[in-house]
Structures are given as structure tokens and as C-alpha cells.
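Grab a pencil and let's work through a few short exercises on a protein chain. Have a look at the picture before you start.

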Amino acid sequence: MASLVVFCILAVVILGSALLCVTTKRIMRAATFMLFVLFGVAGLYFLLDYTYLGAAQIAVYAGGVTMIYVFAIQLVSKQTLQGMVEHIKCSRILSGLLISVIGLATVAFVFLKNSFISAATTEEVPMDKIGEALVGSGKYQYILPFEFISVFLLACIIGGLVVSRKKED
């Protein structure tokens with residue numbers, strides 16, 4: 001019963017923060033709400049006793065949001081950052097809503113067509129198999145994409161630092 005209450009609290013925090021993240025007009029507030037969403041997802045992992053995934057969620061994604069803070073502060077002056085507001089047109093909102101509905105319908109169609117939902121409820125995959133799939137180097141294992149992503153993120157960080165560096169006259 002206690003885990004159900006904690007799940008409901010985390011779900012409300014995640015959904016509320018996600019809605020506030022996409023509806024706020026201030027950059028730093030959006031990044032803060034995104035941080036709350038990521039901490040809530042980490043809380044769900046801890047609730048499921050997936051401590052490694054919870055710790056990885058906090059270390060990787062919450063650390064990434066910290067980098068967003070750093071780049072936002074470096075790239076934009078303080079006065080501009082405090083008053084920065086994005087104006088969204090109604091047509092962009094409608095097109096985004098339409099694309100979201102099409103994406104949801106596509107995912108639901110794939111789930112129903114391939115019967116992922118019934119397959120997921122009948123058999124539980126052990127955690128060691130998931131770990132092997134994530135860090136293995138064989139067929140259908142993901143260590144190589146993880147390495148490519150880490151090199152790509154490093155290049156993005158270096159590029160952001162180069163862009164944010166002040167030019168000396």
C-alpha cells in the first residue's frame with residue numbers, strides 16, 4: 001500500500017513537472033522542471049528496486065540538466081536570461097499537437113499489431129539479461145551505440161565551450 005502511495009506521488013510530480021516544463025516561457029524554469037521530471041523517474045526506478053538504473057538516471061540525466069544550466073548561463077548574459085521569453089504561435093501549438101497525436105497513434109498501432117502488451121505481461125525478463133544486453137558487444141547488444149553517443153556528447157560539450165568562449169580583441 002505504501003508503494004502505491006509513493007507511486008502516485010511520483011506520478012503527480014512527474015506529470016506536473018513535465019506539463020510545466022513544456023508550458024513555461026522561461027528557459028531556466030523549464031530546465032528546473034525537467035530536472036524534477038528526471039528525479040521523479042529515478043524515484044520510480046528506486047521504487048522498483050532498480051538501484052543501478054536509478055543511480056544512472058540521476059548521474060547521467062540530472063548531470064546533463066546541470067550542463068544545460070551551465071551552458072545557458074555561459075551563452076546568455078544574466079539580464080537577457082532573466083527576461084528571456086519565447087513567443088509561441090497558435091499554428092505551432094496545433095502542429096505540435098497533431099504530430100503528437102500521430103506519434104501516439106503510431107506507437108499504439110505497433111504495440112497492438114505486434115502484441116507487445118500481452119508478451120510483456122506474461123514473461124518477466126531478469127535484470128542480468130537486461131544488463132548483458134546493455135553492455136554486451138554481441139548481436140542485438142548496445143555497447144557500441146553507447147560509445148558513439150558518449151563521443152557525440154563529448155563533442156557537443158566541447159563545441160558548446162568553444163561557442164561560449166569570449167573573444168579577445
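Here are three exercises on this predicted model, each with a worked solution.

**Exercise 1.** Work out which kinds of elements build the chain, and how many there are of each.

Solution. Start by counting: the chain has eight helices and zero strands. Next, walk along from the N terminus, and you read α-α-α-α-α-α-α-α. Finally, check how much is tucked away: of the 169 residues, 14% are buried.

**Exercise 2.** Decide whether Gln-57 is buried or exposed, and find what Gln-57 is in contact with.

Solution. First, locate Gln-57: this residue sits in helix H3, which covers residues 51-75. Second, take its relative accessible area, which is 8%. Buried means under 20%, so Gln-57 counts as buried. Third, skip the neighbours within four places in sequence and list the remaining contacts of Gln-57: Leu-38, Val-41, Ala-42, Tyr-45 and Ala-62.

**Exercise 3.** Find out which helix gives the most to the nonpolar patch on the surface, and classify Phe-7.

Solution. Begin with the patch itself: its members include Met-1, Leu-4, Phe-7, Phe-36 and Ile-58, and the whole patch has about 940 Å² of accessible area together. Now look at the helices: H1 (2-23) and H2 (27-47) each supply at least two residues. H1 comes out on top, giving five residues. Phe-7, a patch member, lies in helix H1. Its relative accessible area is 41%, and because that falls between the 20% and 50% cut-offs, Phe-7 is partly exposed.

Notes
Residues numbered from 1 in each chain as written. Predicted model: local features only at pLDDT ≥ 70, side-chain atom pairs only at ≥ 80, totals over all residues. Heavy atoms only, no water. Helix = DSSP H or I, 4+ residues; strand = E, 2+ residues; numbered from the N terminus. Buried < 20%, exposed > 50% of the residue type's maximum accessible area, 1.4 Å probe, protein only. Contact = heavy atoms within 4.5 Å. Patch = residues over 30% accessible without salt bridge, like charges linked within 9 Å, V, L, I, M, F, W, Y side chains within 5 Å. Areas by Shrake-Rupley, 256 points an atom, 1.4 Å probe, with all protein chains shown as cover. Salt bridge = Lys/Arg side-chain N within 4 Å of Asp/Glu carboxyl O.
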